[in-house]
Amino acid sequence: MLDALPLGALGLLVGSFLNVVIHRLPKMMEMRWAAECAELQGTPPGPDVDAPRFNLMVPRSRCPQCGHQIRWFENIPVASYVVLGGKCSGCKTPISVRYPAIECLTGFLFAWCGWKWGIGAEALAWCGFAACLVALTFIDWDTTLLPDDITLPFLWAGLCAAALGVTATNLPSALWGAVAGYLSLWLVYWGFKLVTGKEGMGYGDFKLYAALGAWFGWQALIPIILMASVIGAIVGIGIKVFSQLREGGYVPFGPFLALAGLTSLFFGPRAILAIIGL
């Protein structure tokens with residue numbers, strides 16, 4: 001129990017940083033794509049020495065409504081939200097409850113890893129696993145993007161953890177899990193596209209599924225995809241019933257893969273089959 005407390009506190013801090021990642025990384029990708037498109041068109045934008053840098057570290061966070069710069073004591077995970085009453089100290093605009101929710105979720109996941117594995121390499125590895133899935137879930141839900149900046153390091157981290165013996169997954173199982181995870185969804189993608197002429201999912205889904213295969217091994221792939229499909233179908237039906245479908249009727253699949261991955265973290269891949277009644 002004592003091991004859970006320091007990792008839970010660390011999780012709150014990481015969750016605060018994940019809020020920044022979720023908000024800024026898609027914008028950074030859009031800026032990168034715009035620059036690449038301009039270069040391909042032969043009109044690269046000229047250097048602007050006055051343009052502020054924009055990355056995960058700078059500029060400092062501000063209120064999007066009034067531009068108030070958030071001071072350090074207004075950025076303490078969860079506590080600042082409570083003290084401020086969920087409102088900006090400058091203009092009193094309500095702050096989304098999602099920010100402290102992500103901090104609490106990450107703190108809980110980290111604390112659970114500490115409770116299960118104690119403080120050590122394995123617990124820290126699974127904490128990183130959980131943090132990646134939290135970030136990918138909300139980025140994909142907001143933008144339908146699964147950034148390579150997260151999915152690819154996530155995949156390699158799973159393989160390295162297996163190779164170093166940090167996790168219980170052995171390297172051959174992790175390697176074939178990554179291969180089978182990617183190729184299976186790649187084949188589904190092209191089969192669906194050839195039949196319907198439409199894209200049923202994005203390449204980020206292949207990479208995320210491959211990463212889950214690297215972390216859990218190829219044996220976990222079927223339970224994970226089954227749970228993700230069941231959850232996705234239930235949520236999709238609910239969204240359609242309440243007329244909340246986005247333009248084009250697209251529901252991102254990444255969050256459901258991530259939820260299945262977190263379920264595997266808690267209960268193990270085999271338990272997923274029992275959960276969904278198979």
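**Figure 1. Arg32 and Asp149 in a close-up of the predicted model.** Arg32 is partly exposed, as its relative accessible area is 34%. Its partner is Asp149, and the two residues form a salt bridge in which the closest N and O atoms are 3.1 Å apart. Arg32 belongs to helix α1 (residues 4-40) and Asp149 to helix α5 (residues 148-163), so the pair ties together parts that are 117 residues apart in sequence. Asp149 also counts as partly exposed, at 39% relative accessibility.

**Figure 2. The salt bridge between Lys207 and Asp148.** The closest N and O atoms of Lys207 and Asp148 are 2.7 Å apart. Because Lys207 lies in helix α7 and Asp148 in helix α5, this contact ties together parts that are 59 residues apart in sequence. Lys207 has a relative accessible area of 17% and is therefore buried; the cut-off for that class is under 20%. Asp148, at 35% relative accessibility, counts as partly exposed.

**Figure 3. The salt bridge between Glu199 and Lys193.** The side chains of Glu199 and Lys193 meet at 3.5 Å, N to O. Lys193 has a relative accessible area of 26%, so this residue is partly exposed. A search of the whole structure finds five salt bridges, including the one between Glu199 and Lys193.

**Figure 4. Surroundings of Asp140 in helix α4.** Helix α4 spans residues 121-143 and contains Asp140. Asp140 counts as buried because its relative accessibility is 3%. A polar atom of the Asp140 side chain lies 3.0 Å from the backbone nitrogen of Gly254. Pro255 is also shown: Asp140 and Pro255 are 6.7 Å apart in space, C-alpha to C-alpha, and 115 residues apart in sequence.

**Figure 5. The aromatic pair of Tyr189 and Trp190.** The count of aromatic pairs comes to 19. One of them joins Tyr189 and Trp190, with ring centres 5.2 Å apart and an angle of 90° between the planes. This geometry is edge-to-face, since planes over 60 degrees apart fall in that class. Tyr189 is buried, at 4% relative accessibility, whereas Trp190 is partly exposed, with a relative accessible area of 30%.

**Figure 6. The aromatic pair of Tyr203 and Phe206.** The ring centres of Tyr203 and Phe206 are 4.8 Å apart and the planes are at 50°, so the pair is tilted. Both residues lie in helix α7 (residues 203-216), three residues apart, which is about one turn of the helix. Tyr203 counts as partly exposed, at 35% relative accessibility. Phe206 counts as buried, at 0%. Helix α7 also holds Lys207, the residue that forms a salt bridge with Asp148.

**Figure 7. A cluster of aromatic residues linked by ring pairs.** The Phe members are Phe108, Phe129, Phe154, Phe216, Phe266 and Phe267. The Trp members are Trp112, Trp115, Trp117, Trp126 and Trp215. Ring pairs link these residues into a cluster.

Methods. Residues are numbered from 1 along each chain as its sequence is written. This is a predicted model: local features need pLDDT of at least 70, side-chain atom pairs count only at pLDDT 80 or more; totals for chains, interfaces and linings use all residues. Side-chain values use heavy atoms; hydrogens and water are left out. Helices (H or I, at least four residues) and strands (E, at least two) are DSSP runs, numbered from the N terminus. Buried means under 20% relative accessible area, exposed over 50%, partly exposed in between (1.4 Å probe, protein chains only). A polar contact is a pair of N or O atoms within 3.5 Å; within protein, one must be able to donate a hydrogen and the other to accept it, and residues adjacent in sequence count only if both atoms are side-chain atoms. Rings of Phe, Tyr and Trp (its six-membered ring) pair if their centres lie within 6.5 Å; planes under 30 degrees apart count as stacked, over 60 as edge-to-face and the rest as tilted. A salt bridge is a side-chain nitrogen of Lys or Arg within 4 Å of a carboxyl oxygen of Asp or Glu.
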